Amino acid sequence: ETISVCDKHRVDGFVISNLTKVRDNINEKDLKGIGPGGLSGKPTRNLSNKLISEFYKKTNSRYIIVGVGGIFSAKDAYEKIRAGASLVQLITGMIYEGPWLIKSINKGLVELLKKDGFANISEAVGADHKNNTENDVDSNEESNNVNNIEENNNTGNNSNQDNQSKA
């Protein structure tokens, strides 16, 4: 539903996804010691990557995707880029690691890009989906996953101050 509305209006992209109340797909180890409310940081990394991948495929890469959620290293950022993010945004990683994290991620990205034979980040955006049909998610399952996550994230109070648990 969201994508069809955006197709009709002048929307350039999506920010996917920082805060979630969905705990189904979060590793139990990551949830240990975290109270109720929204989750951010490392516990959201895999869910965020999955959403980025699904939106990238569902929109045929026609939107800019800003990947957010659980970025603490170059590897974390690179996973989001390969899944379909054109840009990445750091939040919790910056809080815990400090501003020098940016330099570390940039250096690491240069190495990862070279290792995979890419000249720049643009070439790596969505690389996990190019010439790779065996890992495609069934479109009905994909739509259900995206819609369920949108529905769960749009219910209740999403105030960062009151609901955000940091990992």
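This passage walks through the fold, the strands, one helix and a few individual residues of a predicted model.

Starting with the overall picture, the protein chain is built from nine helices and five strands. Going along the sequence, these elements come in the order α-β-α-β-α-β-α-β-α-α-α-α-α-β. The chain has 167 residues, and 43% of them count as buried. Its accessible surface works out at about 9,700 Å², with 47% of that belonging to carbon and sulfur atoms. As for contacts with a sequence separation of 6 or more, 67% come from residues 24 or more positions apart.

Next come the strands. S1 and S3 run parallel and are joined by four bridges. Within this pairing, Val15 sits opposite Val66 in S3. S3 also pairs with strand S4 (residues 87-89), again in the parallel sense, this time over three bridges. Here Gly67 is the residue that stands opposite Val88 in S4. S3 itself is mostly covered, with four of its five residues buried.

Ser17 picks up where S1 leaves off, in the loop between S1 and helix H2 (28-31). Is Ser17 buried or exposed? Its relative accessible area is 13%, under the 20% cut-off, so Ser17 counts as buried. Setting aside neighbours within four places in sequence, Ser17 is in contact with Ser48, Leu51, Val68 and Gly69. Ser17 and Gly67 are 50 residues apart in sequence, yet their C-alpha atoms are 6.7 Å apart in space.

The aromatic residues tell a similar long-range story. The structure holds two aromatic pairs. In one of them, the ring centres of Phe14 and Tyr63 are 5.1 Å apart and the planes meet at 70°, which makes the pair edge-to-face because that angle is over 60 degrees. This pair ties together distant parts of the chain: Phe14 belongs to strand S1 (residues 13-16), while Tyr63 is in the loop between helix H3 (45-58) and strand S3 (64-68), 49 residues apart. Phe14 and Tyr63 are both buried. Phe55 comes in as well, since ring pairs link Phe14, Phe55 and Tyr63 into a cluster. A ring elsewhere has a charged partner: Lys42 lies over the face of Phe72, 4.7 Å from the ring centre.

Helix H4 (residues 74-83) is another mostly covered element, with seven of its ten residues buried. Those buried positions are Ala74, Asp76, Ala77, Tyr78, Lys80, Ile81 and Ala83, so the list takes in an Asp and a Lys as well as Ala, Ile and Tyr. What do the buried residues of H4 pack against? Their partners are H3, S3, S4, helix H6 (100-115) and H7. Just after H4, Gly84 adopts a positive phi of about 140°.

Ile81 gives a close-up of this helix. The residue lies in H4 and is buried, with a relative accessible area of 3%. Beyond residues up to four places away in sequence, Ile81 touches Val88, Leu109, Ile121, Ala124, Val125 and Gly126. Of these, Val88 was met above as the S4 residue opposite Gly67. Asn49 is 32 residues from Ile81 in sequence, and the two are 9.1 Å apart in space, C-alpha to C-alpha.

His129 rounds off the set. This residue is placed in the loop between helix H7 (121-124) and helix H8 (139-153). Although located in a loop, His129 is buried, at a relative accessible area of 18%. Which backbone atom does the side chain of His129 reach? The partner is the backbone oxygen of Ala83, at 2.8 Å, and Ala83 is itself one of the buried residues of H4. With neighbours within four places in sequence left out, His129 is in contact with Ser53, Tyr56, Lys57, Arg82 and Ala83.

Key
Residues numbered from 1 in each chain as written. Predicted model: local features only at pLDDT ≥ 70, side-chain atom pairs only at ≥ 80, totals over all residues. Heavy atoms only, no water. Helix = DSSP H or I, 4+ residues; strand = E, 2+ residues; numbered from the N terminus. Buried < 20%, exposed > 50% of the residue type's maximum accessible area, 1.4 Å probe, protein only. Polar contact = N/O pair within 3.5 Å; in protein donor to acceptor, adjacent residues only side chain to side chain. Contact = heavy atoms within 4.5 Å. Phe/Tyr/Trp six-rings, centres within 6.5 Å; stacked < 30°, edge-to-face > 60°. Lys NZ or Arg CZ within 6 Å of the ring centre and 35° of its normal. Areas by Shrake-Rupley, 256 points an atom, 1.4 Å probe, with all protein chains shown as cover. Pairing = 2+ DSSP bridges.
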